[in-house]
Amino acid sequence: MIIFKDEIYHKTLIFILLTIYIVQQASGQDQKIIRPGELWPDKQGNHIQAHGGGIVKIKDTYYWYGEQRSRGLDTAYRYVSCYASKDLIHWDFEGNALQLSDPENLGHRWVLERPKVFYNQRTKNYVMYFHLDDARYAFARVGVAISKKPQGPFRYVKSFRPLDRESRDIGQFIDDDGTAYLIFESRPTKGFFIAQLSTDYLTVEKEVCLINAPLEGGALVHYRGLYYVIGSALTGWSPNPNQYATAKTLEGPWSEFKDIAPPETNTYQSQSTMMLKVEGTKDTCVIFMADQWRPKQQWDSRYLWMPLKIGQGKLWLPKPQPWTLNVKTGETKPL
Ligand code: DGJ
């Protein structure tokens, strides 16, 4: 009798475990696959809204911030979303970290783009930078907001022109020694600046370098003793061949720019927003994070994330295809 009960118990357990496995497989929840260019559902099942975004890692959690462009939002506000993940694949929507109404009297179609968040160890503040502009892109400033928690709510602090320069697309970079930098495109100087943040991160302290190339979507990584920078040409929402250059120090001199992918693909219809270095126990990978914009339906814009072929002064974006990532070991594998 006891044996019979045990058998039923075991069979039921196996049935339950099998059902859980099948449901997980069907929902893709346990698969560690990144699918460039496809819809990317968060853990709640909605396509991730973190366009023109950036990522910061706090302990073992990655936070992904970006432009929240869902349909049906109150158009009086601009929103920055926040997602959290431990594996860079499955993302929890943490809510809108910033909800902002026109902070500088910019007018109806004011612009908040490319938010980036830095964590300041000294002040324990999360400091958000974003491109703040009017409809004509003439205001050309950065906005700054702060929060004590990664998921916000962030409080608007101010806007300014870094180094007194016009600033449009911004990028973020934290070097291996922890120093934080803002990258910003400056049209009148036909290039983009790398500028060091002040100790409290609330302003830009000093110019590190002006890279003389009319590029935006600036992304920077420090990999095996060399700095690599990527930028895209100034073609609005339309994709173009993104290019890279290298330097031994952030101050330069920087090499000439070269294509990161076959130019006829226009970076596989994408535009750079960040390079993310994942240092694991076995390998270090650098992920190219880019946006595939759909300007007429921005909520449906896609993400092109691919591990770069990088090293010894060369950088190449492989043809996008689904791939797996193990953040613990740093290993990646095409499927
Ligand atoms: C290109 C920039 O990279 C985007 O962030 C956005 O500002 C568009 N231009 C607007 O045309």
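Q: How many positive and how many negative side chains does the protein have, and how far apart do the centres of the two sets lie?
A: The model is a predicted one. Its charged side chains comprise 41 positive and 36 negative ones. The centres of these two sets are separated by 1 Å.

Q: What is the mean pLDDT of the protein, and over which residues is the pLDDT below 50?
A: The mean pLDDT is 94, and 92% of the residues reach 70 or more. One stretch has a pLDDT below 50, with six contacts in the model beyond near neighbours in sequence. That stretch is residues 25-29.

Q: How many helices and how many strands are there in the protein, and what is its radius of gyration?
A: The protein contains two helices and 24 strands. For 335 residues the globule rule gives 20 Å, and the protein comes close to that value, so it is as compact as a globular protein of that length. The radius of gyration is 21 Å.

Q: What share of the 335 residues is buried?
A: A residue counts as buried when its relative accessible area is under 20%. The accessible surface of the protein amounts to about 16,200 Å², with 52% of it belonging to carbon and sulfur atoms. Of the 335 residues, the buried share is 53%.

Q: Is V229 buried or exposed?
A: V229 is located in strand β15, which spans residues 226-232. Leaving aside residues up to four places away in sequence, V229 touches residues including F192, I211, W254, F257 and M275. Its relative accessibility is 1%, and the cut-off is under 20%, so V229 counts as buried.

Q: Which strand holds G217, and what is its relative accessibility?
A: G217 is part of strand β14, residues 216-223. Beyond residues up to four places away in sequence, G217 has contacts with R114, D169, I230, G231, S232, Q271, S272 and T273. G217 counts as buried, at a relative accessibility of 0%.

Q: What distance separates the C-alpha atoms of G217 and T75?
A: Along the chain, G217 and T75 are 142 residues apart. In the model, their C-alpha atoms are separated by 25 Å.

Q: Where is the cis peptide bond that involves P153, and what is its omega?
A: Most peptide bonds are trans. P153 sits in the loop between β8 (141-147) and β9 (155-160). The cis bond joins G152 and P153, with omega about 5°.

Q: Which residue precedes P253 in a cis peptide bond, and what is the omega?
A: P253 belongs to the loop between β16 (243-247) and β17 (258-259). The cis bond runs to P253 from G252, with omega near 5°.

Q: What is the phi of N105, and is this residue buried or exposed?
A: Most residues other than glycine have a negative phi. N105, in the loop between β5 (92-101) and β6 (111-120), has a positive phi of about 55° although it is not a glycine. Its relative accessible area is 75%, and the cut-off is over 50%, so N105 is exposed.

Q: Where does Y268 lie, and is it buried or exposed?
A: Y268 lies in helix α2, residues 266-269. Its phi is positive, near 50°, in a residue other than glycine. With 15% relative accessibility against a cut-off of under 20%, Y268 counts as buried.

Technical notes. Residues numbered from 1 in each chain as written. Predicted model: local features only at pLDDT ≥ 70, side-chain atom pairs only at ≥ 80, totals over all residues. Heavy atoms only, no water. pLDDT = per-residue confidence, 0-100. Contact = heavy atoms within 4.5 Å. Helix = DSSP H or I, 4+ residues; strand = E, 2+ residues; numbered from the N terminus. Rg over C-alpha atoms; globule rule 2.2 N^0.38 Å. Buried < 20%, exposed > 50% of the residue type's maximum accessible area, 1.4 Å probe, protein only. Areas by Shrake-Rupley, 256 points an atom, 1.4 Å probe, with all protein chains shown as cover. Lys, Arg positive; Asp, Glu negative; His and termini not counted. Charge placed at Lys NZ, Arg CZ, Asp CG, Glu CD.
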